[in-house]
Amino acid sequence: MHATPHIVSDVMTHTVAAVGRRATFKEIVRLMQDWKVSALPVLEGEGLVVGVVSEADLLPKEEFRDSDPDRYTQLHRLSDLAKAGAITAEELMTAPALTTRPDATLAQAARIMAHSKVKRLPVVNRLGVLEGIVSRADLLKVFLRGDEEIAEEVRREIMAHLFPAPGSAIRVQVHDGVVRLTGRVRDTSLIPVAARLVRAVEGVVDVDFELEGRPDT
């Protein structure tokens, strides 16, 4: 049985397409198309991540290609107008780059993506050097875990500690990532704790439980 992937390094992609500061607009577009990605880290020196250039950074060139921006646009979209005239990664990139560390939890990486509305994050070491990239799709890989693998982890890591036998008798079943707990427990006050811990197991979609106190409790 494989251990639950708790950190970014367990799911990230190690081979990463990236560009230097002087990469041209067309080189960036071509690399995105070849690698089928929507953003590229921008590197300098020995792999130091200094920014990220995304499709959103490239679109202003097409948007303003044959238009004459009105005064409102000139005042409120200065950044986009500047990018419309940009021709290198250094001029196009968003900096500083949003990044994550290899030892960050998947939840931490997911929060950064959600709050910043980005689809992928460069993964850097403590010096800021690129080690990989993690995408939304990578974070969702945990939901591909097998039902029996999830069930075994719930039994071993949670039930055995919260409700040890012979005081409790619990059956753990998992179907399509939904964990079902049935049986009797000695301490019913621990049921909400168990539900919370089971939901935190990677790959769990939901928890359904019918746990009752023992007749003598």
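Within the protein chain, confidence falls to its lowest in helix 3 (residues 71–76), where the mean is 54, and rises to its highest in strand 1 (residues 19–20), where it reaches 98. The model is a predicted one, and the mean pLDDT of the protein chain is 87, with 86% of its residues at 70 or more.

Helix 8, which spans residues 147–162, consists of 16 residues and extends 21 Å from its first C-alpha to its last, a value close to the 22 Å expected at 1.5 Å a residue. The helix nevertheless has a bend of about 35°, located at arginine 155. The buried residues of helix 8 are Ile150, Ala151, Glu153, Val154, Ile158 and Met159, and these buried residues pack against strand 6 (169–175), strand 7 and helix 9.

Helix 9 comprises residues 191–199, of which Ile191, Ala194, Ala195 and Val198 are buried. Because these residues cover an arc of only 100° around the axis, they are placed on the same side of helix 9. The partners of the buried residues of helix 9 are helix 8, strand 7 (178–185) and strand 8 (206–213). Strand 7 is thus packed against by the buried residues of helix 8 and also by those of helix 9.

Two residues located in strands were examined individually. Proline 41 belongs to strand 2, which runs over residues 39–44. With a relative accessible area of 1%, proline 41 is buried, because this value lies under the 20% cut-off. When residues up to four places away in sequence are not counted, proline 41 touches Val16, Ala17, Ala18, Val19, Gly51, Val52, Pro122, Leu130 and Ile133. One of these contacts, glycine 51, is 10 residues apart from proline 41 along the chain, and the C-alpha atoms of the two are separated by 6.0 Å.

Serine 135 is found in strand 5, which is formed by residues 130–135. Its relative accessibility is 11%, and serine 135 therefore counts as buried, since this value too is under 20%. The residues that serine 135 touches, again not counting residues up to four places away in sequence, are Met113, Lys119 and Arg120.

How values were computed. Residues numbered from 1 in each chain as written. Predicted model: local features only at pLDDT ≥ 70, side-chain atom pairs only at ≥ 80, totals over all residues. Heavy atoms only, no water. Buried < 20%, exposed > 50% of the residue type's maximum accessible area, 1.4 Å probe, protein only. Helix = DSSP H or I, 4+ residues; strand = E, 2+ residues; numbered from the N terminus. Arc of directions from axis to C-beta. Contact = heavy atoms within 4.5 Å. pLDDT = per-residue confidence, 0-100. Expected span 1.5 Å × (residues − 1). Bend = angle between axes of the 7 residues up to and from the residue.
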